[in-house]
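Here is a walk through one protein chain, going from the overall layout down to a handful of individual residues. Have the viewer open as you read.

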Amino acid sequence: MGPLFLAENFFDVRQFPSHLLSADTTADNHEVWRVANARRALRDYWAPTTTSGWIKAHCNRPRAADTLFIDRNSNLTGRTVTLTVADDAAHAHPYTVFTATVPSVVHARSSITTPNGVLTEEGAWIIKFPVAVATRWKIAISGGTGAPQVGGVWLGKSFTPTNKPALPFSDEPRELIYSEVLSPAAWSASSRKAQRKRPSLSFRVQDETEYAKARYHLGDLLYRGFTTVYVPDQAYTERAILGVA
């Protein structure tokens, strides 16, 4: 299925200075802006004052999105997440994009198209949905015990190259090395070695339209330093990571 990049984020007012963030309620010292500061501190999250709540991004114009990622400094396992969109200020006529229950365990070989999304090995949650276009995006949390905690949030349009890029190294943190010295069936684990030269990401774009997309998602966002969600293989979405170039 190939890799996926999610660098765009409607909740990041550095990317979109004209966007406005809001929430129904906010607990002390857990303001809504914390969902887009890219920090993974355990105490850095938004929380309502009740057992359910919502956050909203008001875009300056209609924008398209197809992926939502909520970072590991959250407590959403087992809770219900609902994404709705609207174009009216009061969100009085919403359209439900999806309703999902966040998994409580990590499953191997999890496709990104799994209806309830995928819990990653790092403890984050990611879900891909049919493209929606709107000016107001609302993430509602319900269910569970106690107030929900929502850490980092990435919501936007993802980018998947038509032609798979040549990966600079394995997405695994360790390598399995075959050794005949020990035993014909033996292997040993070794840490990934640091590279002296800067690793590269290269692939052949299909046409000028894809070139424009690559330039925006990778050139204007990823390589400008915006924190990006990277799924090395969408057939193994549990291996998704969050990082910066």
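## Overall layout

Reading from the N terminus, the elements go β-β-β-β-β-β-β-β-β-β-α-β-β. That comes to 1 helix and 12 strands. Keep in mind that this is a predicted model.

The protein has 245 residues, and 43% of them count as buried. Its accessible surface is about 13100 Å², with carbon and sulfur atoms making up 52% of that. As for how the chain folds back on itself, take the contacts with a separation of 6 or more: 70% of them link residues 24 or more positions apart.

## Two nonpolar cores

A bit of background first: in soluble globular proteins, nonpolar side chains tend to be buried together. Here the largest nonpolar core has 32 residues, and the members that touch the most others are Leu68, Phe98 and Trp137. Strands E3 (53-70), E4 (80-86), E5 (95-101), E7 (125-142) and E8 (153-156) each give two or more residues to this core. E7 supplies the largest share, with 8 residues.

There is also a second core, separate from that one, with 12 residues; Leu4, Leu6, Ile126 and Leu242 are among them.

## Strand E4 and its partners

How many of the 7 residues of E4 are buried? The count is 6, so E4 is largely enclosed by the rest of the structure.

E4 pairs with E5 through 6 bridges, running antiparallel. It is also joined to E7, again antiparallel, by 7 bridges. Valine 81 is a handy spot to look at: it stands opposite alanine 100 in E5, and it also stands opposite isoleucine 141 in E7.

## The three-stranded sheet

Next, an open sheet: its 3 strands come in the order E1-E11-E12, and the pairing is antiparallel. Which strands stand at the edges? They are E1 (4-6) and E12 (241-243); each has a single partner strand, so one side of each is left without a neighbour in the sheet. From one strand to the next, the twist averages 25°.

Between E11 (residues 228-231) and E12, 3 bridges make the antiparallel connection. Threonine 228 has glycine 243 of E12 standing opposite.

## Histidine 217 in the helix

Helix H1 covers residues 208-221, and histidine 217 has its place there. Is this residue buried or exposed? Histidine 217 has a relative accessible area of 6%, so it is buried, given that the cut-off is under 20%.

Its surroundings bring together distant parts of the sequence. Histidine 217 and glutamate 8 are 209 residues apart along the chain, yet their C-alpha atoms are 7.0 Å apart in space. Beyond its neighbours within four places in sequence, histidine 217 is in contact with Ala7, Lys157, Ser158, Phe159 and Leu222.

## Aspartate 12 in a loop

Aspartate 12 sits in the loop between E1 and strand E2 (20-23). Despite the loop setting, aspartate 12 counts as buried, at 6% relative accessibility.

What does the side chain of aspartate 12 reach? It comes to the backbone nitrogen of arginine 14, at 2.9 Å. Setting aside neighbours within four places in sequence, aspartate 12 is in contact with Ala36 and Phe226.

## Two positive phi values

A couple of backbone angles are worth checking in the viewer. Alanine 38 has phi near 60°, a positive value in a residue other than glycine. It lies in the loop between E2 and E3 and is partly exposed, with a relative accessible area of 31%.

Histidine 91 is another non-glycine residue with a positive phi, of about 55°. This one is found in the loop between E4 and E5. At 8% relative accessibility, histidine 91 counts as buried.

Technical notes: Residues are numbered from 1 along each chain as its sequence is written. This is a predicted model: local features need pLDDT of at least 70, side-chain atom pairs count only at pLDDT 80 or more; totals for chains, interfaces and linings use all residues. Side-chain values use heavy atoms; hydrogens and water are left out. Helices (H or I, at least four residues) and strands (E, at least two) are DSSP runs, numbered from the N terminus. Buried means under 20% relative accessible area, exposed over 50%, partly exposed in between (1.4 Å probe, protein chains only). Contact means heavy atoms within 4.5 Å. Accessible areas come from the Shrake-Rupley method with a 1.4 Å probe; for residues, only the protein chains shown count as cover. A nonpolar core is a set of buried Ala, Val, Leu, Ile, Met, Phe, Trp, Tyr and Cys residues joined through side-chain atoms within 4.5 Å. Two strands pair if DSSP finds at least two bridges between them. Axes are lines fitted to C-alpha atoms, for helices over the stretch in contact, and angles run from 0 to 180 degrees between N-to-C directions. A polar contact is a pair of N or O atoms within 3.5 Å; within protein, one must be able to donate a hydrogen and the other to accept it, and residues adjacent in sequence count only if both atoms are side-chain atoms.
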